[in-house]
Structures are given as structure tokens and as C-alpha cells.
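Student: I am new to this structure. Please take me through one part of it closely, and then show me where that part sits in the whole.

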Amino acid sequence: MTQAITVEESRELDDKTINKIGIPSLVLMERAGLKIYENMLENHDLYLSNILILAGTGNNGGDGLVVARLLATHGYKVSILIVGNPDHASEDHQAQARICNYYQIPKVFMDADFNKFTTLVDALFGSGLSRNVGGDFATVIDKANASTAKIHAIDIPSGLNGDTGEVMGTAIKATSTSTVAYPKVGMLKDQAKPYTGKFYVDDIGIYRGTTFENE
Ligand SMILES: NC(=O)C1=CN([C@@H]2O[C@H](COP(=O)(O)OP(=O)(O)OC[C@H]3O[C@@H](n4cnc5c(N)ncnc54)[C@H](O)[C@@H]3O)[C@@H](O)[C@H]2O)[C@H](O)CC1
Ligand SMILES: [K+]
């Protein structure tokens, strides 16, 4: 099992890779999205005939929008539900939303029937989760869990505390998870299993200290 990291370390590694090493954040997002797309295609526990991306307005949501575009450009039927205030969206999320608009990927809204979809992609939040889940986010998570659709989570199942493996109010019960760079320590706890499902660890060019680095 590869090393596991804390949420704080995940954020620090993001920051070092982008701001010290110089790999642009959008490049990391594209690499994450491509790996997640590939994980979904080879994961026979998922049914990809009608997919809904549940996207928050941060970079976890941005990863989800990359997956939406990759599915759409390869002929899959995919729709997007944006949860949260788009006016607060991150820079990278906004860039990915413009690309999804170019491809005219259909949007659905909070009243959508999740049972119409065969797989939901959980891109609500990842390492940015900072408090108990409530409001529309809790509604969407509970609706997803109650639906007949399979769920594939991005980075950390939304609502799961990436350090303790505890549920922060409510959490996505994923069929499978694609976690970015390294597993988060909370995902390895016994109580996290019903929420992470089977997980993939996606190498996107973010590494803990290596011998050749000039620290
Ligand atoms: N690990 C990497 O190198 C990379 C990770 N990527 C992805 O980016 C997310 C982290 O993105 P970030 O914008 O920092 O945060 P989130 O998207 O997880 O959260 C969005 C936003 O949500 C708000 N929030 C926090 N808690 C709550 C709550 N309980 N209810 C409502 N809203 C909440 C808060 O404002 C957050 O900012 C990481 O997980 C990866 O998926 C990069 O894309 C690629 C590199
Ligand atoms: K997530």
C-alpha cells in the first residue's frame, strides 16, 4: 500500500507542486481528470450508460467537470449538477465550466431524479471540506446515497473527514473512489470502507520529498 497523507499535507503538496515546482494547477486538474476518467472506464462495478456529475464550486468540482468533458467527447451520455454558488467558483472551476459550455454538456438542477442515472460522480468536495455538511450539499449527498445509481467519488468521498475517516454530518457512500496523489489517512480506517468503496490512487505528478529535490 502506498504511503497515506493527511489532508493538510495534501494541500501543502498541491501548493508546493504548483507554486514552488511550477506545474500549473490546471495541468494537475487535467491530469487528475484523465486518470479518474480512465479509472471509471476500467471499473466494471460502474455502469456508464447515463452519468451525472455532482460538482461543487471548488477544484474537486473542477476535476469533475474535466471528467464530464472527457466522457462527453468520447460519446458517453453525461449531465452536470452544480451545487453551491457559481459566483464563488474557483478560477480553475470557472475555466473548466467554460469548456463544458463549449461542448454544450447539459445541466440538471436540484429537482433532478437521480434514479434516471446509472452512475453519479461525486465531485462536491475533497480536501477542502472544512465543516459539517448541511443545506443543498447534504440534500444531494443523501439523495445520491438513496438512489439506485452507482457512485464514483473524486479524491475523498464528500462528507468524509480525510484525516479521521469520520462522517461530517452525512457522506457519500461510494462504489469506488479515485484519490489524487496518495490515499488520505482517514480513508484507510475501518469505518471509512462503506464510504470509499474500492479505491484507485492516481499519480498526477505530485510527490512527497524526493532525493533529487533542491529543498
Ligand atoms: N491533490 C492535488 O494535488 C490536486 C487536487 N485537486 C482537487 O482539488 C480539491 C481541493 O479543491 P479545493 O478547491 O481546495 O476544495 P474542495 O473542492 O474540496 O472544496 C470546495 C469548497 O467547498 C467549501 N466547503 C468546505 N466544507 C464545506 C461544507 N461542509 N459545506 C459547504 N461547502 C464547504 C470550501 O469553501 C471549499 O473551498 C482536491 O480534493 C482535488 O479533488 C486538483 O484539482 C488537482 C491537484
Ligand atoms: K469528492
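Tutor: We start at the metal site, move to a helix, and end with the whole chain.

First, some ground rules. This is a predicted model, in which local features need pLDDT of at least 70, side-chain atom pairs count only at pLDDT 80 or more, and totals for chains, interfaces and linings use all residues. Residues are numbered from 1 along each chain as its sequence is written, chains are lettered from A and ligands numbered from 1 in the order in which they are written, and side-chain values use heavy atoms, with hydrogens and water left out.

Look at the potassium ion (ligand 2). Its coordinating atoms are Asn60 (OD1), Asp122 (O), Asp122 (OD), Phe125 (O), Ile154 (O), Ile156 (O) and Ser158 (OG), at 2.7 to 3.1 Å. Donors here are N, O and S atoms within 2.8 Å of the metal (3.2 Å for Na, K and Ca); water is not among the atoms, so sites may look incomplete. Along the chain, the donors have the spacing N-x61-D-x2-F-x28-I-x1-I-x1-S. Phe125 and Ser158 link distant parts of the chain, 33 residues apart. Phe125 is in the loop between strand 3 (119-123) and helix 5 (135-146). Ser158 is in the loop between strand 4 (150-154) and strand 5 (176-180). Helices (H or I, at least four residues) and strands (E, at least two) are DSSP runs, numbered from the N terminus.

Are these two residues buried or exposed? Buried means under 20% relative accessible area, exposed over 50%, partly exposed in between (1.4 Å probe, protein chains only). Phe125 has 18% relative accessibility, so Phe125 counts as buried. Ser158 has 1%, so Ser158 is buried too.

Now follow the chain into helix 5. The buried residues of helix 5 are Ala138, Val140, Ile141 and Ala144. Seen down the helix axis, they fall within an arc of 165° and so line one face of helix 5. That arc uses the directions from the helix axis to the C-beta atoms. The face turned away carries the exposed residues Gly135 and Ala146. Cover for the buried residues includes strand 1 (51-55), strand 2 (78-82), strand 3 and strand 4. Contact means heavy atoms within 4.5 Å.

Finally, step back. The protein chain has 6 helices and 6 strands. Their order along the sequence is α-α-β-α-β-α-β-α-β-β-α-β. Of the 215 residues, 51% are buried. The C-alpha trace spans about 50 × 40 × 35 Å along its principal axes.
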